[in-house]
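Student: I should like to go through the contacts and the domain interface in this structure. May we set each term against its criterion?

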Amino acid sequence: LPACRDSKLFIKDLHFDEVPVRIYLPRVPSASKRRGVIFFHGGCGMFGSIRCYERICRYLARKSDSVVVSVGYRLCPEYKYPAQTLDCLTATVHFLKTAENYGVDPDRIIVCGDSAGGTFTATVCQELVNRSDIPKIRAQVLIYPFLQALNFNLPSHQKNAFTPFLSRERAVHFILKYLSKDCSMKEAVLAGSHVPESMNLKYSKWINPELIPEIFRVGYKPPLPTSFLPQVHEETKELLKTRLSPLLAEDAVVCRLPDTCIITCQHDVLRDEGLLYKQRLKDNNVQVTWYHVEEGFH
């Protein structure tokens with residue numbers, strides 16, 4: 001469908017280095033350069049589109065008086081992982097380089113996304129920390145992001161295991177589908193059998209129920225030990241790479257990330273990933289704003 005008309009916005013469909021985008025520009029002239037927002041939609045890399053997020057992006061552009069770029073990254077299974085992340089990265093770099101063409105201050109651009117879009121946001125910001133040839137991203141906004149595939153037995157996974165729309169089982173099913181993996185490995189991944197003990201020990205300093213505030217751990221029961229399955233680990237190695245699990249990035253990367261806003265929801269299996277990332281960022285002296293939706297769902 002074409003972009004809808006809006007009395008307050010110019011809306012254009014463009015391509016940023018072959019990646020389709022829809023750009024929302026306020027009609028009222030601005031005395032100075034505007035802020036820019038790059039938006040990645042959710043949908044686990046398989047669902048969603050620019051069209052689905054039309055109202056949200058229009059609302060963001062109008063309410064914040066910003067130029068919003070909605071990125072139409074390619075979806076799997078037609079386009080294999082990591083095409084989705086690479087498209088988001090390509091569109092972001094293009095906009096950072098050309099922002100002034102759209103009346104945007106290149107030093108006032110934020111990246112934003114919900115669910116898998118939050119994953120892409122976190123990954124793009126991490127992958128750009130060492131780039132000196134383009135402006136720095138001013139801030140990132142992560143809306144109930146997916147941030148790690150190491151541990152699916154955190155308190156929020158247990159508490160919200162059967163909560164619509166995103167149950168614990170469905171979350172792992174979607175991730176395996178996204179990676180074009182055999183979904184019969186789902187139970188092994190849910191149990192944690194895809195992670196070698198050495199890796200569990202290494203990352204326990206960052207992914208650990210004890211790091212989650214006590215108020216969110218009510219009723220939590222530590223899972224029973226499971227045996228490591230090397231063949232499952234071999235098949236699902238991508239789950240533990242920072243491109244899919246940005247919570248596993250080293251401190252040398254995390255400490256260089258931009259100011260961050262994290263939004264979590266109480267009735268969401270992914271709630272604790274946002275809480276853990278918030279703590280990691282704070283520990284690395286990154287400024288974090290946290291907003292928790294007490295009655296919110298994924």
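Student: Which residues does Tyr277 touch, leaving aside residues up to four places away in sequence?

Tutor: In this predicted model, Tyr277 touches Ala122, Gln126, Gln140, Leu142 and Leu147, and also Pro246, Leu247, Leu257 and Ile262. Each is called a contact because heavy atoms lie within 4.5 Å.

Student: What makes Tyr277 notable in the largest nonpolar core?

Tutor: That core has 78 residues, and Val71 and Tyr277 touch the most other members. At least three of its residues come from each of domain 1 (9-143) and domain 2 (155-240). A separate, second core has 13 residues, Ile11, Tyr24, Val37 and Val68 among them.

Student: Why are residues such as Ile11 and Val68 called members of a nonpolar core?

Tutor: Membership requires a buried residue of a listed nonpolar type, joined to others through side-chain atoms within 4.5 Å. Ile11 and Val68 are included in the second core, so they meet that criterion.

Student: How do you know that domain 1 and domain 2 have an interface, with centres 30 Å apart?

Tutor: The 30 Å value refers to the C-alpha centres, whereas contact is judged between heavy atoms within 4.5 Å. By that criterion, 10 residues of domain 1 are in contact with seven residues of domain 2. About 690 Å² is buried between the two domains, 73% of it from carbon and sulfur atoms. Cys44, Met46 and Tyr81 supply 63% of the area that domain 1 buries against domain 2, more than any other three residues.

Student: What polar links are counted between domain 1 and domain 2?

Tutor: The count of salt bridges is zero, while two residue pairs are in polar contact across the interface. The side of domain 1 that touches domain 2 has six nonpolar, three polar and one charged residues.

Key: Residues are numbered from 1 along each chain as its sequence is written. This is a predicted model: local features need pLDDT of at least 70, side-chain atom pairs count only at pLDDT 80 or more; totals for chains, interfaces and linings use all residues. Side-chain values use heavy atoms; hydrogens and water are left out. Domain bounds come from an automatic or database domain assignment. Buried area is the accessible area (1.4 Å probe) that two parts lose on being put together, summed over both. A salt bridge is a side-chain nitrogen of Lys or Arg within 4 Å of a carboxyl oxygen of Asp or Glu. A polar contact is a pair of N or O atoms within 3.5 Å; within protein, one must be able to donate a hydrogen and the other to accept it, and residues adjacent in sequence count only if both atoms are side-chain atoms. Ala, Val, Leu, Ile, Met, Phe, Trp, Tyr, Cys and Pro count as nonpolar, Asp, Glu, Lys and Arg as charged, and the others, Gly among them, as polar. Buried means under 20% relative accessible area, exposed over 50%, partly exposed in between (1.4 Å probe, protein chains only).
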